[in-house]
Structure formats: C-alpha cells, structure tokens
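Work through the exercises below with the model open. Each task is followed by its solution.

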Amino acid sequence: MHTEDYYQIKESLQQNNVKLIAISKTKPVEAIQNYYDIGQRIFGENRAREMQSKHDFLPKDIEWHMVGHMQTNKVKYIAPFVSLIHSIDSLNLLIEVDKRAKQNNRSIDVLLQMHIAKEENKFGFTLEEVKELFDNKRFVALTNIRVRGLMGMATFTNDQDQIRKEFRLLSTYFQDLKTSYFSTQDSFSERSMGMSGDYKIAIEEGSTMVRIGSLLFGKRSYK
Ligand SMILES: *Cc1c(COP(=O)(O)O)cnc(C)c1O
C-alpha cells in the first residue's frame, strides 16, 4: 500500500476539484479494503465479472466505475450497482445499458470514450460520430442513461507534448459538444482523463476525474 503517495495525490486533486478513481483491476479485495479504510470510496475495474465479485465482498457505499471496453452481454452483471461507465464506445452498448438500467429500476450514468490517441488499437468515438449519435433517434429515445461527459486515453508515449495535445483535444471536444447539445446547467460536465503516468498533465488540461492504478496498487501482473 502506498499511503503517502495516496495522500499526496489526494491533496493535489482536491486543490483542483478533481475526483480520484482508484483503479483496482487485478488486485485483491484486501488491497481495496485498505484504501477504503483510509477514506477512498471510488474504485474502477475493467472487467464486469471481476467488478461484480468484488462488489459482493466489499462495503456497499463504494462507488464502482467501469473503465474497460465492454461487451454487451456483460452489462447485466454490473447494471444493478455500477455508478459510472467510462467506456461507452457504441450505440449498441448504450442501448443495452439503458435496457438493463430499466430492468433494475434505475438510471445509469455514462461517459463516451473518445479516440484521441495516435494508436489505432484504442477504442472510442470520433467527434463526428458523437454528433451523429446525439442526432440519432434511437439515442434520443433512451430514457434510463445519462451522458455525464467524455473519457479519453492518451497515446502510450514519453512525449509529454503529444500527451498534452491529446488531452487538450478531448477538452475541445467536450466544449464543442457542451455548447451544441447541452444547456449550461446540464449534468454533462465530466472529463475523465489522466492515469498514473500522465495525470498531472491531464489536470492542467481540464480533467475532472483521474483514473490511477499502479501508483496506488503497484505494478499489475497482467495488462
Ligand atoms: C488500467 C487502467 C488505468 C490505470 O492505469 P495506471 O497506469 O495503472 O494508472 C486507467 N484507465 C484505464 C481505462 C485502465 O484500463
């Protein structure tokens, strides 16, 4: 456990009003409980079944965030309790989330994942695709999802300028969509960007949520 790092990260985030999502994927429930015990309440996972089984074991006031690419057939495992899905990358996935939210008598908050990196293999929408989505009747008909903002992952590189450019692009997309599709009071307000290696740059570029794993939990044995 990296308690000192945790307090330092928390302090720098609080100054900027940025939320900390502690990414606990692959880590055991004991490691999560340790951070819970010093006050952390938001945890992120990238696999639905893993999140479901951890949710079963851990205190019920934890906010669970899904950050990994999701297949539609896995949504049902987390729909009863998930707080925010960061990784929405298709209309079909949104339709499934809406359906499962209805079945659970609730509304589910989501972020749209934007493709901002140079790498081809990363998931996400282009700005044009999001505009098409917002104009699509099938999207407009969804009643039990709430789009709270955007998520993006920068290119895996040491080039700080490149990373900064990509985060800045995400903020530009956010402003464009906010102006064109939402009123100022609307809850479309979040920019989920920044991980262990680049969260400081992300904050400078307008992040409202950072997703930090290895700085808190140490290296992972896979992914
Ligand atoms: C694993 C993961 C993170 C955390 O990465 P670290 O570099 O360990 O901080 C953040 N976001 C997503 C989408 C992830 O899959």
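**Exercise 1.** Find how many salt bridges a search of the whole structure gives, then examine the pair E96 and R100.

*Solution.* Start with the criterion: a side-chain nitrogen of Lys or Arg within 4 Å of a carboxyl oxygen of Asp or Glu. The search returns 14 salt bridges. In the one between E96 and R100, the closest N and O atoms are 2.8 Å apart. Next, place the pair in helix 5, residues 91-103 (helices are DSSP runs of H or I, at least four residues, numbered from the N terminus). E96 and R100 are four residues apart there, so about one helical turn separates them.

The model is predicted: local features need pLDDT of at least 70, side-chain atom pairs count only at pLDDT 80 or more, and totals for chains, interfaces and linings use all residues. Numbering runs from 1 along each chain as its sequence is written, and side-chain values use heavy atoms, without hydrogens and water.

**Exercise 2.** Classify the residues around the ligand and locate polar contacts to its oxygen atoms.

*Solution.* List the shell, counting residues with a heavy atom within 4 Å. Among its members are I23, K25, S196, G213 and S214. By class, the shell holds five nonpolar, three polar and three charged residues; Gly counts as polar.

Now apply the contact criterion, N or O atoms within 3.5 Å. S196 places a polar side-chain atom 2.5 Å from a ligand oxygen. G213 uses a backbone N or O atom, at 2.8 Å. For S214, a polar backbone atom is 2.8 Å from a ligand oxygen.

Methods:
Polar contact = N/O pair within 3.5 Å; in protein donor to acceptor, adjacent residues only side chain to side chain. Helix = DSSP H or I, 4+ residues; strand = E, 2+ residues; numbered from the N terminus.
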